[in-house]
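Let's take a walk through this one together, beginning at a single side chain and working outwards. Have the viewer open and follow along.

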Amino acid sequence: MSSSPALSARGSKLALLVVGLCWLAVLFDGLDMFIYGSVLPHLLETRTFGLTPDQAGDLGSYATFGMLVGALTAGTVADRIGRKQLMIGCVTLFSLASGICAISGSLAVFGLGRTLAGVGLGGLLPTAISMVSDYAKGGRAALTIGLLMTAHHAGGILSAYVAKWLIDPLGWRSAFWVCVLPLLFVPVLIKLLPESLSFLVVKGRTEEAGALAARYEVELPAVAAKKTTADRWDALLDLFRGGEWLQTLLYWLASFGGLLLVYGVATWLPTLMRTEGYELANALTFVVVFNLGGIVGMLVAGRAADRFGAPRISAVWFALTAVGVYLLSVHMPMGVTTVVVFLTGVFLNSAQTMIYATVAIRSTPDNRATAVGWTSGMGRFGAVFGPWLGGQLLAAGNGDWGFTAFALAGVSSMVFIGIAALRSARQPQAGNDREELVAAH
């Protein structure tokens, strides 16, 4: 690729276009993901559809189960239809699914809407990360992906304001109608978002790839040989050979507890803060503060891991998360609680990412993607369990134990990742694999 300023500027323009469009798509993803937790206190207080806390927990798990399905199938679908088409399909799906929630007349229909939304949400994020990785300027892929991840937390902030401003005057359905508005973004994606250059090359659409690369004066990617099904299974079996099975299970258990904590708190934070005696407006403000902390945490964790080591940072981050989550069960002055919520957001949202960093560092290049992918996949069962657990505790009249239960999940992840790090005698592998570890979230 030419190094002239004009060509570099055109390549930067393409990267900026792709990152900007993907950032907006992930923003809408975050809005749709967090809107249920922001609306939930109102749904429970008004007994909408006769909703009980245990049913509310089930509904939260429907979305995370849908995300599990979407995340597991995204790669296969993208290989067939392309990353651009899959992104368009995911945005369309979760937007229409929010429309189902908005017009639902029963709990069953509302649950169907949340499940379908979860499928779209789960498929979008890894696809968007793959897109920006394709077009990121040389040496800036990790930074670009970190920037993209902030959009998810920005969507969480937006969800709190949507609920805060619209529910009282217009009702809870208006919040889900706002989540339908990303449909207006679909024509923009169709017109402006380029297809992945890697996908075009793999599919043999070399003329199309060449024309796109020539238009923006970017270099065509060198695509590695495609792995067969046998290769993938062999890479998975490697995770259990030679005594590695215990190490693998420790990583999986740590990831399970981490995502239980992430999605449990994301779903129940406003409701649990209400049970602690805070007004609804303040409870929604905590959602904003929590996600601001998430944005800061994503930007800080990588630098800390580079300096002190990802395993150590992951264990320490989970310990601090557990302390913060437990303190939320104590009614403190508003200012103190706000600081605790912010710091909890800083540590919680990046502690899980540090698990993926640890797995990536401790894996060999041949099975690194498999190791990180399966660690993420096993963790997503925790994402399904977390919202359900919060609902069961509230239904049993043990809402005060909600934060304690989530804090214990943080302690368990700290223990598992700590033991795994102590057992591992491997030296860190060369190379920057933050693209894989962030994508797994």
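Start with L147, which is partly exposed: its relative accessible area is 44%, and partly exposed covers the range between the under 20% of buried residues and the over 50% of exposed ones. Keep in mind as you look that this is a predicted model. You'll find L147 in helix 5, the stretch covering residues 141-170.

Now see what surrounds that leucine. Leaving out residues up to four places away in sequence, L147 touches V19 and W23. Then look for M298: L147 and M298 are 151 residues apart along the chain, yet their C-alpha atoms are separated by 8.5 Å.

From there, move on to helix 12, residues 280-308, and its packing against helix 14, residues 334-362. Two packed helices are described by the angle between their axes and the distance between the axes. Here the angle is about 45° and the axes are 6 Å apart, which makes helix 12 oblique to helix 14. The crossing of helix 12 past helix 14 is right-handed. And what residue classes make up the contact of helix 12 with helix 14? It has 14 nonpolar and twelve polar residues, with no charged ones.

Next, swing back towards the start of the chain, to the loop that links helix 1 (5-45) and helix 2 (53-81), where R47 sits. Check the backbone there: R47 has a positive phi of about 50°, although it isn't a glycine. Most residues other than glycine have a negative phi, so that's a spot to pause on. F49 lies in the loop between helix 1 and helix 2 as well, and F49 also has a positive phi, about 60°, again without being a glycine.

Are these two loop residues buried, partly exposed or exposed? R47 has a relative accessibility of 48%, so it counts as partly exposed. F49 comes in at 28%, and so counts as partly exposed too.

Finally, zoom out to the whole chain. The secondary structure comes to 17 helices and zero strands. Of the 441 residues in the chain, 54% are buried. Among contacts with a separation of 6 or more, 83% involve residues 24 or more positions apart; for the contact between L147 and V19, you've already met both partners. As for the outside, the accessible surface of the chain is about 18100 Å², and carbon and sulfur atoms account for 65% of that area.

Methods:
Residues numbered from 1 in each chain as written. Predicted model: local features only at pLDDT ≥ 70, side-chain atom pairs only at ≥ 80, totals over all residues. Heavy atoms only, no water. Helix = DSSP H or I, 4+ residues; strand = E, 2+ residues; numbered from the N terminus. Buried < 20%, exposed > 50% of the residue type's maximum accessible area, 1.4 Å probe, protein only. Axes fitted to C-alpha atoms, helices over the stretch in contact; angles between N-to-C directions. Parallel < 35°, antiparallel > 145°, perpendicular 65-115°, else oblique. Left-handed = near helix turned anticlockwise from the far one by under 90°. Nonpolar A, V, L, I, M, F, W, Y, C, P; charged D, E, K, R; others polar. Contact = heavy atoms within 4.5 Å. Areas by Shrake-Rupley, 256 points an atom, 1.4 Å probe, with all protein chains shown as cover.
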